[in-house]
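Q: Could you take a close look at one part of this structure for me? I would like to start from a single packing contact and then follow it outwards.

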Amino acid sequence: MVKVVFFARIREQLGCAELDAEVSSLATLLATLKQRGELWSRVLSEPNLICAVNQVVFDGDDRQLQEGDEVAFFPPVTGG
Amino acid sequence: MKSLSSRQSPVGDSASLHVSVQESDFDTAQLQRALLSGDSAEGAVATFTGYVRKRNLDLAVETLTLEHYPGMTESSILDTLSKACERWPVLAGSVVHRVGRLSCGDQIVWVGISAAHRGDAFAACEFVMDYLKTRAPFWKKEEGPNGSRWLDAREEDTLKASAWE
């Protein structure tokens, strides 16, 4: 099981802070999430969406996911 | 001081590093004193304090709510402090960043860097702020008389951070 977390505007738009998914790769996870509906498909297709795997930003197209991994999706950061 | 989370650099690092992400306000004088080694090694301390502005992008701001990614935020700031130590001879570095609901005029963030000389302290302090603004997972939501909005990342912040590369 992979833990998926959403932050800030992305969390509000999806109306979801966290969910679990049974997937073995990031590409499969994204495809599965986008199948949840038009809203999910649109929000998760945003070009500036940031993805982090186990709390490290991931820039690539795809990677394997292991049991217990944590995947996060969030908008560009605005702290400081 | 109530702290949501606090990180210290691993023992063995030459510089003493500290990160705290917290809801509570902070005392800059106390933070600056805590940065000092006690053996008078430092000749300079450069600090930066960020505040909630009453106007942003031509809109009035009443409250600012800051969200973060617990764990990743702290490790990302600690990584930035470590990068600063690789570039400048930093003696100690500390970052305190608030989260939750803040009001106009409230302190948001504090960065303190000590070094033997002022040039290194100034440069490292600015570097840490520039990196923090574009790397650390924090998000700001402003509320004012016209409603609420999540802030967008600013191009000039990205350019400023990439200028260090």
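A: Here is a walk from one helix pair to the core, the chain interface and a neighbouring sheet. This is a predicted model, in which local features need pLDDT of at least 70 and side-chain atom pairs count only at pLDDT 80 or more, while totals for chains, interfaces and linings use all residues. Residues are numbered from 1 along each chain as its sequence is written, with chains lettered from A and ligands numbered from 1 in the order in which they are written.

Let's begin with helix H2 (residues 72-87) and helix H3 (residues 118-135) of chain B, which pack at about 145 degrees with axes 9 Å apart. Helices (H or I, at least four residues) and strands (E, at least two) are DSSP runs, numbered from the N terminus. Axes are lines fitted to C-alpha atoms, for helices over the stretch in contact, and angles run from 0 to 180 degrees between N-to-C directions. H2(B) supplies B:Ser76, B:Ile77, B:Thr80, B:Leu81, B:Ala84 and B:Arg87 to the contact, and H3(B) answers with B:Ala124, B:Phe127, B:Val128, B:Tyr131, B:Leu132 and B:Arg135. (Residues are in contact if their C-beta atoms, placed from the backbone, lie within 7 Å.) By character, the contact residues are eight nonpolar, two polar and two charged. (Ala, Val, Leu, Ile, Met, Phe, Trp, Tyr, Cys and Pro count as nonpolar, Asp, Glu, Lys and Arg as charged, and the others, Gly among them, as polar.)

Some of these names return in the largest nonpolar core, which has 58 residues; A:Phe7, B:Leu81, B:Val90, B:Ala124 and B:Val128 have the most contacts inside it. H3(B) gives the most to this core, seven residues. (Such a core is a set of buried Ala, Val, Leu, Ile, Met, Phe, Trp, Tyr and Cys residues joined through C-beta atoms within 7 Å; buried means 20 or more other C-beta atoms within 10 Å of a residue's own, exposed 12 or fewer, and partly exposed in between, with C-beta atoms placed from the backbone.) Setting aside neighbours within four places in sequence, B:Ala124 touches B:Ala84, B:Trp88, B:Val90, B:Gly93, B:Ile113 and B:Ala115.

Next comes the place where the chains meet: chain A contributes 13 residues and chain B 22. On the chain A side, helix H1 (8-14) and strand E5 (70-74) are the elements giving two or more residues, and that side has eight nonpolar residues, four polar and one charged.

E5(A) leads us into an open, mixed sheet of five strands, ordered E2-E1-E5-E3-E4 in chain A. (Strands pair if DSSP finds at least two bridges between them.) E2 and strand E4 (56-57) are the edges, each pairing on one side only. Strand E1 (residues 2-6) has four of its five residues buried, so it is largely enclosed by the rest of the structure. Four bridges tie E1(A) to E5(A) in parallel, with A:Val4 partnered by A:Val71 and A:Phe6 by A:Phe73. Another four link E1(A) antiparallel to strand E2 (residues 18-21), where A:Val5 stands opposite A:Glu18.

One last stop is the loop between strand E3 (50-53) and E4 of chain A, home to A:Gln55. A:Gln55 has a positive phi, near 70 degrees, without being a glycine, and is partly exposed, with 18 other C-beta atoms within 10 Å.

How values were computed
Contact = placed C-beta atoms within 7 Å.
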